[in-house]
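I opened the model to look up how one helix packs and where charged side chains pair. My entries follow.

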Amino acid sequence: MTSEPPEQLTLLRDTVRKSRTKEPAGITSSLPVARVAVDVSLPHLDRPFDYLVPDDLAEAAQPGARVKVRFAGKDLDGFVLERLAESDHDGKLSRIRKVVSPEQVLTPEIAELCRAVADRYAGVFPDVTRLAVPPRHAKVEGEPLRCDQPPPPPLSTSRSAWSPYPSGFLDAVERSESPRAIWTAVPGADWTLAFAQAAAVCAAAGRGALLLAPDARDLKLLGDACTAVLGDGGFVTLSADLGPTARYRAFLAALRGNARVVIGTRAAAFAPVANLGLVAMWDDGDDSYAEARAPYPHAREVLLLRAFKQNCAALLGGFARSAEAAAVIESGFAGELIADRRVIRAAAPEVHITGESDRELARDPAARAARLPHRAFEIAREGLLSGPVLVQNPRAGYLPSLVCQTCRAPSRCATCAGTLRLMGRTGPASCSICGRPAADHRCPECGDPRMRAAVVGARRTAEELGRAFPGIVVRTSGSEHMLDRVSDKPALIVATPGSEPVADGGYTAALLLDGWLMLARPDLRAPEEAVRRWLNAAALVRPAPAGGTVILVGDPSALPLQAIVRWSPEGWATREVEERRTARLAPAAKLAELTGPSAAVTDLIERLRPLLQPEAGLEVLGPVDIDDETVRAVVRTPRAAGTQLVRALKEAQAARTTKKNPGSVRIQVDPPSFG
């Protein structure tokens with residue numbers, strides 16, 4: 001016989017029962033439907049879905065806010081895109097379960113841009129929003145706002161850095177118009193100051209500016225220039241290198257309008273700049289602008305899409321000019337911004353190629369084959385009398401690649417077949433992959449234990465130059481330790497491409513070594529990349545009237561080297577576009593690289609064919625084996641059919657995911673490198 005439960009226990013049970021049967025909040029009467037972009041990276045589900053807005057969430061669930069919704073039996077993240085009076089969906093709608101944050105982090109302009117980028121690269125909207133909106137930090141959102149006052153005006157609106165060029169571009173920016181220009185900078189130009197001054201002109205007109213630099217070092221230099229022109233509170237820096245908390249704080253500062261100017265690396269391409277008036281990018285050919293995550297957008301294309309969608313000015317600048325930038329000019333979307341030829345000649349250093357004259361060959365018969373010909377030593381010796389000399393070496397390390405002394409067969413690790421290398425003057429060779437020492441190595445071809453350098457690295461070059469120029473300071477700059485700036489005192493600066501520090505007053509001379517190695521990279525873009533690297537290094541040298549000299553070590557007949565001698569980046573880029581048009585390569589054609597299991601890639605291609613019209617001119621290259629499980633194929637069409645190709649790729653991919661076909665295929669539209 002059971003006893004009655006105590007009165008307190010009965011009361012507790014009644015309370016729990018009532019809480020479980022509590023009526024859900026009603027649906028708001030004002031715009032009760034929310035259109036939500038759910039975080040699902042499946043091509044056949046790449047569209048928004050409608051949800052009902054509970055009355056208690058109506059105020060917080062505004063467009064741009066993060067929410068939780070029920071989708072396929074799971075609670076998933078999403079963004080509210082818009083609020084509607086009714087839905088065109090005939091079935092029953094689910095409710096928004098939670099507003100994660102009322103902060104409207106996905107503005108309508110950025111949402112439209114994300115959609116355009118996803119369509120441009122055959123990707124899905126949620127993948128792009130992950131690139132555009134950094135992860136949330138609730139503590140940062142709770143920090144006090146600083147929106148009670150407008151951003152401070154620029155400290156200066158000087159245009160001194162733009163004096164060598166026609167004034168029409170900045171005049172149009174000042175009038176809040178939308179000019180687009182490909183800017184070829186004069187050798188030795190201070191591009192950071194030019195960017196800061198352009199942003200100041202835009203900010204003074206009451207509009208925002210977004211400036212991109214290729215890496216953290218260039219971003220720091222750009223930040224210094226912006227501090228001098230705009231003031232400490234005149235801009236914010238947005239970069240993935242800041243760390244999650246600082247990056248989200250900078251993102252919110254831009255979102256809330258604390259500054260009109262945002263600077264950053266490629267992570268800032270989607271920055272929510274209010275009333276955007278100018279987007280600018282320096283050195284758009286740098287591979288750091290290519291996103292490594294799906295859908296693999298290039299920051300250059302993101303900025304050009306923003307310029308089109310948001311009707312703002314666009315500026316792509318550099319000492320070199322990429323083939324893509326030349327194609328933009330050819331399309332009529334942008335004009336050319338370049339100084340008069342006489343101004344360029346007066347600012348450029350004197351450029352020579354080793355072995356270019358019969359007199360030099362008579363004096364030094366090995367000039368064309370030697371790594372450091374006699375003339376290069378002479379130029380370096382003369383330059384060191386009055387300042388620093390730059391030595392560009394295309395390989396890092398000491399001896400990064402070894403071969404057999406007798407038969408020249410590549411020396412490889414006995415454990416993993418990796419390339420053997422030397423890290424310093426002493427110690428045995430070691431594997432570049434597994435790191436195992438190779439003290440007992442013998443060539444498998446001829447049995448000789450001796451090895452020699454296939455390529456000499458920057459550190460070994462610095463060591464050799466230190467012996468050749470006793471008493472001269474030798475410094476290295478590379479991936480392990482990168483110098484930002486050096487003084488005007490005599491010194492030898494040995495740097496890998498892209499890590500050359502700026503010298504106060506400019507370098508007196510530059511030795512650009514191993515030109516053959518730069519051109520021999522297994523990439524069809526190798527010549528363009530070599531020209532870009534050489535021009536960037538040569539632009540750091542003093543003008544020819546001030547004694548600046550550049551020595552290129554390579555074949556004098558090579559067209560890329562001749563482009564440096566003539567200092568004609570625009571002519572070289574135009575030639576590249578013409579050659580790629582003949583070869584049906586980007587940017588003259590539309591390419592997409594398909595990578596995955598053989599059966600999956602073949603299936604995707606077969607689904608793709610019927611989706612394209614015959615006049616699209618689809619061409620399939622490959623597939624070719626990458627490893628035992630992965631193949632790669634390239635599909636391409638003429639540029640005019642590019643939109644049709646990308647749309648068909650996405651439809652074919654969606655058909656595969658709908659049927660749940662095995663194997664995942666990675667699609668990369670217009671890959672930054674191919675070869």
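Entry 1, helix α13. I looked up the buried residues (under 20% relative accessible area; exposed is over 50%, partly exposed in between; 1.4 Å probe, protein chains only) of helix α13, residues 374-383, and found A376, I379, A380 and G383. They lie on the same side of α13, because they cover an arc of only 100° around the axis, taken from the directions from the helix axis to the C-beta atoms. These buried residues pack against β14 (389-392), β23 (509-512) and β24 (549-552), contact meaning heavy atoms within 4.5 Å. Helices (H or I, at least four residues) and strands (E, at least two) are DSSP runs, numbered from the N terminus.

Entry 2, basis. I note that this is a predicted model, in which local features need pLDDT of at least 70 and side-chain atom pairs pLDDT 80 or more, whereas totals for chains, interfaces and linings use all residues. Residues are numbered from 1 along each chain as its sequence is written, and side-chain values use heavy atoms, with hydrogens and water left out.

Entry 3, salt bridges. I searched the whole structure for salt bridges (a side-chain nitrogen of Lys or Arg within 4 Å of a carboxyl oxygen of Asp or Glu) and obtained 49. In one of them, R159 pairs with E174, the closest N and O atoms being 2.7 Å apart. R159 lies in the loop between α4 (138-141) and α5 (168-174) and E174 in helix α5, so the pair ties together parts 15 residues apart in sequence.

Entry 4, helix α18. I found E576 bridged to R580, with the closest N and O atoms 3.1 Å apart. E576 is buried at 6% relative accessible area, and R580 is buried at 5%.
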